[in-house]
Amino acid sequence: MPAEVQYNRQGDTAVIRICNPPVNALGQAVRAGMLDCLEKAEKDEGVRAVLLVGDGRTFIAGADIREFGKPPQAPHLPDVCNRIEASALLVVASMHGVSLGGGLEVALSAHYRIAQPGARVGLPEVHLGLLPGAGGTQRLPRVAGAAAAVDLITSGRHVGADEARTLGILDEVREGDPEAVGLAYITELLAAGLGPRPVSRMPPHDALDWDAVYAATLRKGRGQISPAQAVRAIQASAELPFAEGLKEERRMFRELMETDQRQGMIHAFFSERAVSSLPELKGVEPRDVRHVAVIGGGTMGAGIATAVLLAGLTVTLLEMSQQAAVAAKERIAGNLAGALKRGKISEAAYDGMLQDRLVLTTSYDDLSDVDLVIEAVFEDMQVKKQVFSQLEAVCRPGAVLATNTSYLDIDEIATVTDRPGDVIGLHFFSPAHVMKLLEVVVTDQTAPEVVATGFALGKALGKTSVRAGVCDGFIGNRILNTYRTAADHMVLDGASPWQIDKALTGFGFAMGPFAVADLAGLDIGWAMRKRRAPDRDARERVGRYPDVLCEAGHFGQKTGTGFYVYEAGSRAGAPNRNLEQIIAAERAERGIRPRAFTEEEIVRRYMAAMVNEAAKVVGEGIARRPLDVDMVLLAGYGFPRYRGGPLKWADMTGLKSVLADIETFAREDDFFWQPAPLLEKLVREGRSFDDLNKAG
Ligand code: 3HC
Ligand code: NAI
């Protein structure tokens, strides 16, 4: 019997215990072990019931994701589930921690389910580009009804024990040791004369308007196919006998297993966990952070303070004047009110954060005992240096001094202190209390434990933290500037901003680049273009049409006009038709004869620019691994998760074809389209970005 599954007799019950740390994933050895144990129980004289329990922190977190993409090995999970359900013995699952995916499917093949009050269940396969493949789409609707099954399976959300019981997924919720609770429950069931109760024999559930549900789910998925496919599988459970429905589910599961979307999403799953595991931080202890100072309480400072308060830490916020400090507090209160409204925090927690854990000041003397400072003042080197000199004077030794700068050279900022090892970039994204991404920007001199502290803070704040080196724009904004430039070039050459946005939302981006610019504020890019103008290479093509908008006071959503025009209070804009004349005038001035672009060409150019810059960022060591870039684009820039990130997308598209595109585009503009040396090298060697991820 494999060590992953243990057999143990308790009176007339055989206890089958899954022991596959850390999360009892259902790898081949577990599947085989479960079958062996079940057979043993059936032959074991006097055994009347079987109890399934998980060892350690959880029942079962699902199939072993590391096996996906490899040839499947028997016994297959659907067969294991069917075998459990068909047993003549009474089978009960006693669940704690999480029962996800295949874990819940195993539980649904048991005849009764009991769980701890803190247990959570769910079928999150859609987040891996799949649908439940071991009977989940057939059994869940039989116990919970069609509407609940559609909700749970297409959203992949986790459900708490109480809700799961209300839905009919669980029979009982009881506190205690899972084995003891399960054994007691079995005693009761046997005493009541109850035996096997296969879910597959339960009557089919209520019907839905399947085509409408399918269409709505497809729309919501922005190009992701697995949730909509799952609707069809649930439909099969309503319309076909159980065994036929199961075959349908299996067929769709196998089809999805072969897709790029499955590869992309599983890459995202593992990369999200790999970003924070850096060899340089092995064994390095972060510094203790309980009290954080935020300098500047504008858009970013207020958002950062909100995130820090939500994580349970104390914040001292420093502003230039009492009036500015009060305005900052109002912003923070507004952010927290949003969290309160969405049920994320209680009324008491809201009051506690604003009254007990937020201190406002205009004096640096109040920062003498903080553990970490995050500076979020105006994006101006002189102002930042002034702030850091003052921090140098008042902060205690060992305090971490962080800047939230978007583009400025952090090494230069650090020169005004005598402790450059304590200086780091913590680059948040707007709105800082909502956006998942945090770039931890490491200078040549940042001390390892300061880097570890940045990552620890990111974790406490619930962020996806990615290590970046110092350069203009770090990882994300540097790549953004390049693909945004490619979009600007296409506008000069004949595409409209709205056509480009449409092509890219069609690709799966949450928003197109022009809608994003309107949201962020067009003044940001304008200031950057002015800053860079003096050093600009004569060969660089820079469109003037966004400047014309800014010169007229149009900064996007906040002024009501940008690339789009926004009705008061509306976030969805209509194309700004006046822009057409502005663009046409610029084309005429430059002697450009506009040409038509297809959506496919728009996507190819945009993605080629993104991948090329991303390869430069990796090649120069600004990002350590391709997966780090992928996570930045996914967590901070609305890149479709089901495509895994730009470099995973490039691997799947074929690096050769991406490089060929870049070389073709370079014939028109060899200044902008300079192929990344790393991309050329990988193509030459027949390797992929993922090979570099694996090499660590
Ligand atoms: N297979 C393989 N490894 C898994 C795994 C799985 N299903 N789930 C988690 N792991 C690994 C993680 O990669 C991580 O490994 P690492 O330590 O080497 O980085 C380790 O287990 C711990 O995971 P987390 O760091 O995520 O720990 P948390 O406590 O934060 O979260 C969890 C635990 C809620 C179980 C979370 O890991 C999770 O959501 N896992 C995925 C669950 C899932 O998607 N299940 C469905 C699988 S598909 C399926 O079942 C198909 C079926 O229908 C046929
Ligand atoms: P903002 O203009 O909204 O806020 C800046 C705040 O800093 C103002 O409230 C101002 O009163 C205060 N301030 C200025 N000088 C100060 C000083 N010497 N001492 C104390 N307070 C001072 O600017 P925003 O957008 O919040 O940006 C702040 C920083 O964050 C900049 O470095 C910016 O590049 C960066 N950033 C901005 C993002 C965005 O989307 N807005 C995203 C990520 C980073």
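Let me begin with P75, which lies in the loop between strand 3 and helix 2, the helix of residues 77–85. The structure we are looking at is a predicted model, and I would ask you to keep that in mind throughout. In this model a cis peptide bond joins A74 and P75, with omega at about -5°. Most peptide bonds are trans, and that is the reason I wanted to stop here before anything else.

There is another such bond earlier in the chain, where the peptide bond from P21 to P22 is cis, with omega near 5°. P22 has its place in the loop between strand 2 and helix 1, and N24 also lies in the loop between strand 2 and helix 1. What is the phi of N24, a residue other than glycine? The value is near 55°, so we have a positive phi here, whereas most residues other than glycine have a negative one.

Now let us step back to the chain as a whole, which is divided into domain 1, covering 5–127 and 134–197, domain 2, covering 289–468, and domain 3, covering 476–535 and 594–695. If we take the centres over C-alpha atoms, domain 1 and domain 2 are separated by 45 Å.

Next come the sheets. In which order do the 6 strands of the open sheet come? The order is 1-2-3-4-6-9, and the pairing among these strands is mixed. At the edges we find strand 1, residues 5–10, and strand 9, residues 172–173, and each of these pairs on one side only. Strand 1 is joined to strand 2, residues 13–18, over 6 bridges, and the sense of that pairing is antiparallel. If you would like to find this pairing on the screen, look for Q10, which stands opposite T13 in strand 2. Helix 1, residues 28–43, packs on this sheet and touches strand 1, strand 2 and strand 3, the last being residues 49–54, while the direction of helix 1 makes about 25° with that of strand 1. Helix 3, residues 102–109, lies across strand 3, strand 4 (90–95) and strand 6 (112–115), and runs at about 145° to strand 4.

Helix 3 brings us to another sheet, since helix 3 also lies across strand 5 and strand 7, running at about 90° to strand 5. Those strands belong to an open sheet of 3 strands, which has the order 5-7-8 and mixed pairing. Why is one side of strand 5 and of strand 8 left without a neighbour in the sheet? Strand 5 (98–100) and strand 8 (159–160) stand at the edges, and each has a single partner strand, so one side of each has no neighbour there. Strand 7, residues 120–122, runs antiparallel to strand 8, and 2 bridges join them; R120 has G160 in strand 8 as its bridge partner.

Let us turn to helices that pack against each other, beginning with helix 4 (residues 136–144) and helix 9 (residues 226–239), whose axes come within 8 Å and cross at roughly 60°. Helix 4 and helix 9 are therefore oblique to each other, and helix 4 passes helix 9 in a right-handed crossing. On the side of helix 4 the contact involves T137, Q138, P141 and R142, and these meet A233, I234, A236 and S237 in helix 9. Sorted by class, this contact has 4 nonpolar, 3 polar and 1 charged residues.

Further along the chain, helix 24 (residues 599–619) packs with helix 26 (residues 646–653) at an angle of about 115°, and their axes are 9 Å apart. This pair is therefore roughly perpendicular, and the crossing of helix 24 and helix 26 is left-handed. Here M607, M610, V611, A614 and V618 in helix 24 meet P646, L647, W649 and A650 in helix 26. The residues of this contact divide into 9 nonpolar, no polar and no charged.

Helix 26 has a further partner in helix 27 (residues 655–666), with an angle of about 100° between them and their axes 6 Å apart, which makes helix 26 roughly perpendicular to helix 27. In this contact W649, A650, D651 and T653 in helix 26 meet L655, S657 and V658 in helix 27, and by class there are 4 nonpolar, 2 polar and 1 charged residues.

Methods. Residues are numbered from 1 along each chain as its sequence is written. Chains are lettered from A and ligands numbered from 1 in the order in which they are written. This is a predicted model: local features need pLDDT of at least 70, side-chain atom pairs count only at pLDDT 80 or more; totals for chains, interfaces and linings use all residues. Side-chain values use heavy atoms; hydrogens and water are left out. Axes are lines fitted to C-alpha atoms, for helices over the stretch in contact, and angles run from 0 to 180 degrees between N-to-C directions. Helices (H or I, at least four residues) and strands (E, at least two) are DSSP runs, numbered from the N terminus. Angles under 35 degrees count as roughly parallel, over 145 as roughly antiparallel, 65 to 115 as roughly perpendicular and the rest as oblique. A crossing is left-handed if the near helix is turned anticlockwise from the far one by less than a right angle, and right-handed if clockwise. Contact means heavy atoms within 4.5 Å. Ala, Val, Leu, Ile, Met, Phe, Trp, Tyr, Cys and Pro count as nonpolar, Asp, Glu, Lys and Arg as charged, and the others, Gly among them, as polar. Two strands pair if DSSP finds at least two bridges between them. Domain bounds come from an automatic or database domain assignment.
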